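Please take a walk with me through this protein, one region at a time. Keep the structure open beside the text and look up each residue as it comes along.

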Amino acid sequence: MTTEETGKVDTSDPGHADRLAENLVLIEELSQRLVNAIAHKKQVDHSLQAPSHDLMMKAAAAYMAEMMANPSKILEHQISYWGKALKHAVEAQHTLAQGKIAAPEDRSPKDRRFANPLWETHPYFNYLKQQYLFSSEAIANAVADLEGLDDKDRKRVEYFSRQLMDMFSPANFLGTNPEALAKAVETEGESLVKGLQNLVRDIESNDGDLLVTLADKDAFQVGGNIATTEGKVVFRNRMFELIQYAPRTETVHKTPLVIFPPWINKFYIMDLKPQNSLIRWIVDQGFTLFVVSWKNPDPSYRDVGLDTYVEEGYLAAIDEVKAITGEAKVNVVGYCIAGTTLSLVLSLLKKRKDKSVKSATFFTTLTDFSDQGEVGVFLDDDFVDGIEREVSDRGILSSFFMSRTFSFLRSNDLIYTPAIRSYMMGEAPPAFDLLFWNGDGTNLPARMAMEYLRWLCQENRFASPEGVDFCGETLRIGDVDVPLCAIACETDHIAAWKSSYDGIRQMGSDDKTFILSESGHIAGIINPPSKKKYGHYTNDDLTLSHDDWRAGAAFHEGSWWPRWGAWLEARSGKRVPARQPGDARHKPLADAPGSYVVEVPKS
């Protein structure tokens, strides 16, 4: 019988010792490469690695004060923890004393990290799991009951405490992960060799830093098997390429549509595969669609600011679309940070008495940052000051920092589980288009990054009564008065839906629609009707608080796309003959998805 058939290593096999020796040689070679890669790691500002010591000192001081002022509460926490831990230890010893090689009764909650049956049945691994969960619960309870911290500090302490607890899960270490150990034995160490190869690959490709590869980078080609909707680049400047998509209907709505995607990611999240492509779906509904593909900046863009994105990006794109189609007005969409900036554009157009925009749609957009949601834990001065020093030195905020930050908002899903599969199990990254896109990051220009973080995220100027001085005008959120539709996502960890709703409420438009989609920042938006997966909520009364709006909202099965399509159709005029990309003055420069989306910027 072979190893594959029995699941056990046949040590009598003459080749067993040879294979083991070969693997040990490979491990030695890879270990040397790993040491060399780490040795070339670039020095990174310590403020970008963790919160300041001040935060932990505040938490420690609050705990000591609580201990002195209310010792009974501390004792209650301690007794609860030690009671559970000791009871479990006694039960485990009693089971073993009876000669049973089995785990005692497991009363712990279900957790995806411990799905392997050995976490339930094996006495050693079950003991580790239960003691870890008891400790995690005790720490979470102690932090939750801390007095003397303001709400912002409390959220940060809770978040970073949870990060530490997640990091120390026994599933994250080879010696305490039964699945990884079993696979190492079954494969005669080959899984560990492959895992070390994966680890070395990731560290070498990130200049000594570690960023887990989430998807097979060779499985997809932008413009080959993803981002394939037909279209042409019809305009290009230093900030963006403008793509006009080819019509798929004989007639189209008169008013063209322009989508401004975020420049912290690439636009093709909306055009992964034909069956889940929002771009293709929009074209199929009979809209003349233009999409902006932003330049991925290198250090020469250090002085590009938010005003540059507005003047040379948004306003330039709108002018070109009007020229190509011959229309006086366009409909616009802004996604995430591009929606935030779109709200500034709409306020600016109001000040300039420019009526180029007929209606606006916001996807997962924050305009009021008084409640920054989960991402707010990274928006205090300790991190932002570190970012300022980093971008002042390099001219850009590297996509590495953006990817790592957003990954830590979902660390178990985007860091630890992929790391276990890749580094301990030796598995190749999956061929998953969404994760491929997630790893295809972009840089941010230095000035733009700091203006966004300081003016909008930290100081919340746009939603303040004073407004933000920008492009020669003072802009306020109440200036936004075009018909608007906003789509937020229920479990969005980047743009919390309640904050999105609060910003929309403050806008000056008399024609507002707010849709709350199930799921998160990406899945809630990229939710094609054909999948019949996530539903959505609507409520016409936007005078209500966000909690009251949600309580009174009607739930609808299926995607919000058709509802938005009908809303957009009502604001897009009559049907006219389909328009082919470009015109006499805008000769096609390249096929979609263009060149900017695949460029690798200079470091």
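In this predicted model, the largest nonpolar core holds 153 residues, and those that touch the most other members are F260, W263, F514 and W564. Helix α11, covering residues 306–325, gives the most to this core, with 10 residues. Apart from the largest core lies another one of 11 residues, among them W119, F125, L133 and I420. Let us pause at F260. Setting aside residues up to four places away in sequence, F260 touches V292, W294, G313, Y314, A317, I318, V332, V333, G334, Y335 and A338.

From here we can turn to two helices. Helix α12 runs over residues 337–351, and 13 of its 15 residues are buried. How far should its 15 residues span? At 1.5 Å a residue the expected span is 21 Å, and the end C-alpha atoms of α12 are 22 Å apart, so the two values agree. Just after α12 comes K353, which takes a positive phi of about 60°.

The other helix is α7, residues 151–167. With 17 residues, α7 reaches 24 Å from its first C-alpha to its last, close to the 24 Å expected at 1.5 Å a residue. The buried residues of α7 include R154, Y159, F160 and M165, as well as D153 and D166. What do the buried residues of α7 pack against? Their partners are α3 (53–69), α6 (123–144), α13 (381–394), α14 and α15.

Two of those partners, α14 and α15, lead us to an open space. The second largest pocket contains about 830 Å³ of space. Its lining is made of 29 residues, and L414, L434, N438, H493 and I522 lie nearest its centre. Helices α14 (399–408), α15 (411–424) and α16 (433–438) each supply at least two residues of that lining. The largest share, five residues, comes from α14. Sorted by class, the pocket lining has 15 nonpolar, 12 polar and two charged residues.

There are enclosed spaces to visit too. The count comes to three cavities of 30 Å³ or more, and about 90 Å³ of space lies in the largest cavity. Thirteen residues line the largest cavity, with N265, K266, S293, W294 and T442 closest to its centre. You may recognise W294 as one of the residues that F260 touches. The lining of this cavity has seven nonpolar, four polar and two charged residues.

Next come some details of the backbone. T364 has a positive phi of about 40° although it is not a glycine. You will find T364 in the loop between β7 (357–363) and α13. Is T364 buried or exposed? Its relative accessibility is 0%, so T364 counts as buried. N460, also a residue other than glycine, has a positive phi near 50°. N460 sits in the loop between α17 (446–458) and β10 (468–470), and at 14% relative accessibility N460 counts as buried.

Our last stop brings together two distant parts of the sequence. G224 is found in the loop between α9 (190–205) and β1 (231–236). Because its relative accessible area is 42%, G224 is partly exposed. G224 and P593 are 369 residues apart in sequence, while their C-alpha atoms are 9.7 Å apart in space. P593 belongs to the segment after β17 (590–591). The peptide bond leading from A592 to P593 is cis, with omega near 15°.

Notes: Residues are numbered from 1 along each chain as its sequence is written. This is a predicted model: local features need pLDDT of at least 70, side-chain atom pairs count only at pLDDT 80 or more; totals for chains, interfaces and linings use all residues. Side-chain values use heavy atoms; hydrogens and water are left out. A nonpolar core is a set of buried Ala, Val, Leu, Ile, Met, Phe, Trp, Tyr and Cys residues joined through side-chain atoms within 4.5 Å. Buried means under 20% relative accessible area, exposed over 50%, partly exposed in between (1.4 Å probe, protein chains only). Helices (H or I, at least four residues) and strands (E, at least two) are DSSP runs, numbered from the N terminus. Contact means heavy atoms within 4.5 Å. On a 1 Å grid over the protein atoms alone, a cavity is a set of points where a 1.4 Å probe fits but cannot get out, and a pocket is an open set with protein on both sides within 12 Å along at least five of seven lines; lining residues have an atom within 4 Å of a point. Grid points are joined across faces, edges and corners, and a volume is the space filled by probe spheres set on the points. Ala, Val, Leu, Ile, Met, Phe, Trp, Tyr, Cys and Pro count as nonpolar, Asp, Glu, Lys and Arg as charged, and the others, Gly among them, as polar. The expected span of a helix is 1.5 Å times one less than its number of residues.
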